[in-house]
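Let us walk through this structure together, one feature at a time. Please keep the sequence and the 3D view open as you read.

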Amino acid sequence: MAYTYTTPWLLVVTELLILVSITESKVPAIIVFGDSTVDAGNNNVVPTLLKSNFRPYGRDFAGGRPTGRFSNGRIPPDFISEAFGLKPTVPAYLDPAYNISDFATGVCFASAGTGYDNATSDVLKVIPMWKELEYYKEYKNKLRAYVGKNKANEILSEALYLMSLGTNDFLENYYLSPKRQSQFIVQQYEDLLIGLAGNFIRELYSLGVRKISLTGLPPMGCLPLERTINILGQNECVEKFNNVALEFNGKLDGLVKRLNKELPGLRLLSIDVYKILDQIIKKPSLYGFDVVGKGCCATGKFELSYLCNKLSPFTCADANKYVFWDAFHPTEKTNHIIVNSFLDNLLAYFR
Ligand SMILES: *[C@@H]1O[C@H](CO)[C@@H](O)[C@H](O)[C@H]1NC(C)=O
Ligand SMILES: *[C@@H]1O[C@H](CO)[C@@H](O)[C@H](O)[C@H]1NC(C)=O
């Protein structure tokens, strides 16, 4: 019978194809740079007021543990790591609970409150991007000592690097600081940040990095804190901020195209989180959410970091009904939906 004759060959061919794709398409580690959208707990050991390593942060994380992630549960790099067949969480480099054996498959250098601009990380005394890069270089040396130079180089060049930042440059720095506004109109400031992003990526490239996913800005005028401040606008989204985000994202796409041409072998992908978050915010019920205008923690209108704490009687019971966890950061459920919206792209491009 033809069936019994052909099946083994089909199986062999299929298995060969799978083998080839596994060996060719390896992402052995996820390495993370950026701000609170991706910080897994580095700020815990930084002398800043911007922390989240206490309840109710992390209440839906494994063990209900407040790790320093700015959410009730996991954040995007965790979901991405899991989707690439790696660990379900990416540990923070400065978290004393982990060491190089954990970091060999993923490590996070991100710091809540940071931005492309040095002046942004100064505002809340968090880790600037140049320092995140210094930590990365230190990590490289530790990894070489741990797995050997050749293996370490292979991991570091095949790893997927995530960059997610920029919101703080506008909301925590430019729009709050007379200095930056006196120096630049907002379009000039966008260009300055794009230049800094380009320099950061060139520097990673010169260190051997090849696979980078670069996340653009969310509709930052719709973060609950910005709505709260928008009193004259009836607490609607701040359109001005959303327009800046869209304009900046357009420039970021341009940068990605230029760098992919300029740097041989670079695989740089820009990730649009604006569109999906905008859809969620406009039609929350389609995604199972009830509340979008305020966060789950405390009153949800302005609290984040220490103001979101276990003493508040107002914190919601079910974070899955909320788009935002605190006044600035998405719930775990929102993080998961966001990642799922670009996951196929990411897997196709990098695996
Ligand atoms: C890392 O920590 C684990 C336990 O937490 C320990 O068993 C291991 O020896 C440590 N590895 C290194 C390289 O320090
Ligand atoms: C940011 O600060 C670091 C450390 O002081 C410095 O090396 C770097 O040049 C600064 N970046 C810019 C764009 O000024």
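**Empty space, a bond and a ligand**

The second largest cavity has a volume of about 60 Å³. Its lining is made up of Ala40, Phe61, Arg65, Thr67, Arg69, Thr89, Val90, Pro91, Ala92, Asp95 and Tyr98. Sorted by class, six of these lining residues are nonpolar, two are polar and three are charged. Here Ala, Val, Leu, Ile, Met, Phe, Trp, Tyr, Cys and Pro are counted as nonpolar, Asp, Glu, Lys and Arg as charged, and the others, Gly among them, as polar.

Before going on, please note that this is a predicted model, in which local features need pLDDT of at least 70 and side-chain atom pairs count only at pLDDT 80 or more, while totals for chains, interfaces and linings use all residues. Residues are numbered from 1 along each chain as its sequence is written, chains are lettered from A and ligands numbered from 1 in the order in which they are written, and side-chain values use heavy atoms, leaving out hydrogens and water.

How is such empty space found? Rolling a probe the size of a water molecule over the atoms shows where empty space is left. On a 1 Å grid over the protein atoms alone, a cavity is a set of points where a 1.4 Å probe fits but cannot get out, a pocket is an open set with protein on both sides within 12 Å along at least five of seven lines, and lining residues have an atom within 4 Å of a point. Grid points are joined across faces, edges and corners, and a volume is the space filled by probe spheres set on the points.

A search of the whole structure turns up two cavities of 30 Å³ or more. The largest cavity has a volume of about 420 Å³. Of the 29 residues that line the largest cavity, Thr37, Pro76, Ser164, Thr215 and Val273 lie nearest its centre. Two or more lining residues come from each of helix H2 (76–83), strand E3 (160–164), helix H7 (167–174), strand E4 (211–215) and helix H13 (332–350). Helices (H or I, at least four residues) and strands (E, at least two) are DSSP runs, numbered from the N terminus. The lining of the largest cavity has 18 nonpolar, 10 polar and one charged residues.

Next comes the largest pocket, with a volume of about 300 Å³. It is lined by 17 residues, and Leu171, Glu172, Leu225, Glu226 and Phe328 lie nearest its centre. H7 and H10 each give at least two residues to this lining.

H10 also leads us to a disulfide, a pair of cysteine sulfur atoms within 2.5 Å. Cys222 is joined to Cys237, S to S 2.2 Å. Cys222 lies in the loop between E4 and helix H10 (224–229) and Cys237 in the loop between H10 and helix H11 (239–262), so the disulfide ties together parts that are 15 residues apart in sequence. By the rule above, the count comes to three disulfides.

Finally, look at ligand 2, which is surrounded by Asn118, Trp130 and Leu196, where near means that a heavy atom of the residue lies within 4 Å. One oxygen atom of ligand 2 is 2.3 Å from an N or O atom in the side chain of Asn118.

How values were computed:
Polar contact = N/O pair within 3.5 Å; in protein donor to acceptor, adjacent residues only side chain to side chain.
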